[in-house]
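Reader: I am new to this one and would love a short tour. Could we go through it by question and answer?

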Amino acid sequence: MREIRCAVGAQETPALPEAEPEAEDQGSGGEEEGAEEARPGAALQRLTAARIAAACTRRSGGRRWHTVGGRERTDVVEVVRSQADLRAIVSDYLPLKKSSGSKYRALCPFHAEKTPSFYVDADKQLFYCFGCGTGGDVFKFLMLYEKLEFPEALKSLATRYGIPMPERSAPESGERHRVLSVNRRALSYFRDQLQRPAGDRALRYLEGRGITRETISRFQIGCALDGWSGLKESLASAGVAEDQAVLAGLLARKEETGRTYDRFRDRVIFPIVNLTDEPIGFGGRVIGSGEPKYLNSPETPAFSKGENLYGIGFAREAIRKEGYAVLVEGYMDVIALHQAGVAHAVATLGTGFTTGHVRLLKRFTDRVVVNFDPDAAGRAATRRSLEVLLENGFEVNVVALPAGKDPDLFVREEGAETYRRRLQSGLPYIEFLTRDTAGRHDLSGTRGKVAALNEILPFLARLDNPVRRAGYVEMIATILGIEDRLVLQELKDAVHDRRKGLKPATLSAARGASVVSEAESRLLRSMMDSEDVRRAVLDEMEDGDLEACRIADVLRVVRDLVVKGEEVTYPRVASMIGDDARDIITRVAALPHPPATLEEGRACLMALRAARLQRQMGDIQKRLESVGKAEETDDLLRLKIELKRRIEALPKASQLS
Ligand SMILES: [Zn+2]
């Protein structure tokens, strides 16, 4: 669990005064609600420092602030605390209504409620919620509401009230500070270039991709001109030491000569800004056709790719509101989506997802909708990325856009509403993975199914929620067409044990007698044995009957032979099919001889069809339970009625005796 460092009860916090009983002006205020107000109003009088401190300490696990800052910082904390106005700060986020005396109230932002039980005491500079027990001072409020760590909350308040922060004394942070200062100069240089005639190409590129002036300004987009020393000279004339610019990754150094040159050339520049609005690095997209297409700042004392997400500062409010983050691949995707009003999109910076990203994102949500390039979502590197999310308890859905469309292009062509609908129709990652894997294996034989399963199981095993794991077994069995009880049981066992693969024994067991159902065996047998049955069954067979069928490979060969008017014999058919299918036909041939009647062939076919329709029915039922939108529900219901009609129209399966 994330630890919340708590403001109240900290050593440097001055003792909080006991709340003094006040005369409540009950019923006199127009907005008061009589009895409704009486309880929290009176209770607020009992709100003592001790109570808040207790509430905070419970949540903080006893940790105190003074562990995070030195002496200088403690002084700043006190200056900020004395100047910050909690009521004004809270008013930035919530509509506060005057309650009584120095107290204000609002609906609590930290739990769902219909009548306000969140109180701010402007005199005491404390807030408290009678609904959920959350309380604290101005730092605590910002930390909880903005999901900030204490130093960030402190910095944000210090900036707001114009209180200078002491520089950190550690050499690393000194370097970080210097890098940020160089970055700020570079940022204004890049932005400036975009406004000059020479920046026209970059500007036209951005306009060509539908980026408005407003967005350019909001995301502080700039450009680097096509030259080796534009930024270098600009930084030098501002008195920035060359070494500092190299440290910031803005200049690169030629090893042989020691000469430095601009790292970013002829590129559109996207500043990478962190949660506290610091320009920690830059991303550059080539304007022409140069390589590499995208170039990022290297790792510097201020910038680590694995710790930052592009757009997180712009997205955090929307992520909180929407309840999830949209994870896309590129700067342009983030920018285009934000411009279209899909403001909860962020991107990794040309790297896989790391635990650093997880920590960052976890502050705002534990749900992610991944919208990568359709190919990328199935790629091994992407899988590993998403695995990191799953392992950390994230709920991951995957959205696939039509081939060749990235989110940037899609949202421009189809609009934000269509894109939002796509986001809502994403598949849980395990289901996406199962479908993707199913597409790459030949699932007509057990071998292919077990191979596919063994690809999926490691991911399933990483889900730490056993209920969720178990819930996926049916979905996987349905998609892979696993009806075999042995394989299904193995799958359930593996999921239960969090095993990452099926036992080798499963494969051989599954290839035994139980692979092909009774109906399939008898259908195949009667078709092999009688030309009448063959013709009648092939006439009545629908495409779908073959799809769901384990004996499909054999039947296709039989059908081709019949169509060509050639002889159908066991050796002939066996010579034309794969290993798995040959196993099946060999076993069928060895069955005790049943009479090959037309009735039996038809009954078997109907039994198979009934099973298939029932499976489809099950799928539809499951989807009905998971979709929320009316239009989709209507379609599914129509399908369901049609299926029901067809199932009822089938001759009863009991005819198969
Ligand atoms: Zn509350």
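Reader: Is D266 buried or exposed?
Author: Happy to help, and please keep in mind that this is a predicted model. D266 has a relative accessibility of 15%. The cut-off for buried is under 20%, so D266 counts as buried.

Reader: Where is D266 found, and what is its phi?
Author: D266 sits in the loop between β8 (260-262) and β9 (267-273). Although D266 is a residue other than glycine, its phi is positive, near 50 degrees.

Reader: Which class of exposure does Q125 belong to?
Author: Q125 also lies in a loop, between β3 (118-121) and β4 (126-129). Its phi is positive too, about 60 degrees, and it is not a glycine. With a relative accessible area of 22%, Q125 falls between the limits of 20% and 50%, so Q125 is partly exposed.

Reader: Which helix gives the largest share of the largest nonpolar core?
Author: This core has 57 residues, and F190, I221, L250, Y310 and Y419 touch the most other members. The largest share, 8 residues, comes from helix α7 (residues 171-195).

Reader: Which domains each supply at least three residues to this core?
Author: One of the well-connected members is Y419, which touches V326, L337 and F410, among others. At least three core residues come from each of domain 2 (171-303) and domain 3 (312-425).

Reader: What is the omega of the cis peptide bond between E291 and P292?
Author: P292 lies in the loop between β10 (279-286) and β11 (294-296). The cis bond joins E291 to P292, with an omega of about -10 degrees.

Terms used
Residues numbered from 1 in each chain as written. Predicted model: local features only at pLDDT ≥ 70, side-chain atom pairs only at ≥ 80, totals over all residues. Heavy atoms only, no water. Core = buried A, V, L, I, M, F, W, Y, C linked by side-chain atoms within 4.5 Å. Buried < 20%, exposed > 50% of the residue type's maximum accessible area, 1.4 Å probe, protein only. Helix = DSSP H or I, 4+ residues; strand = E, 2+ residues; numbered from the N terminus. Domains from an automatic or database assignment. Contact = heavy atoms within 4.5 Å. Lists of a residue's contacts leave out its neighbours within four places in sequence.
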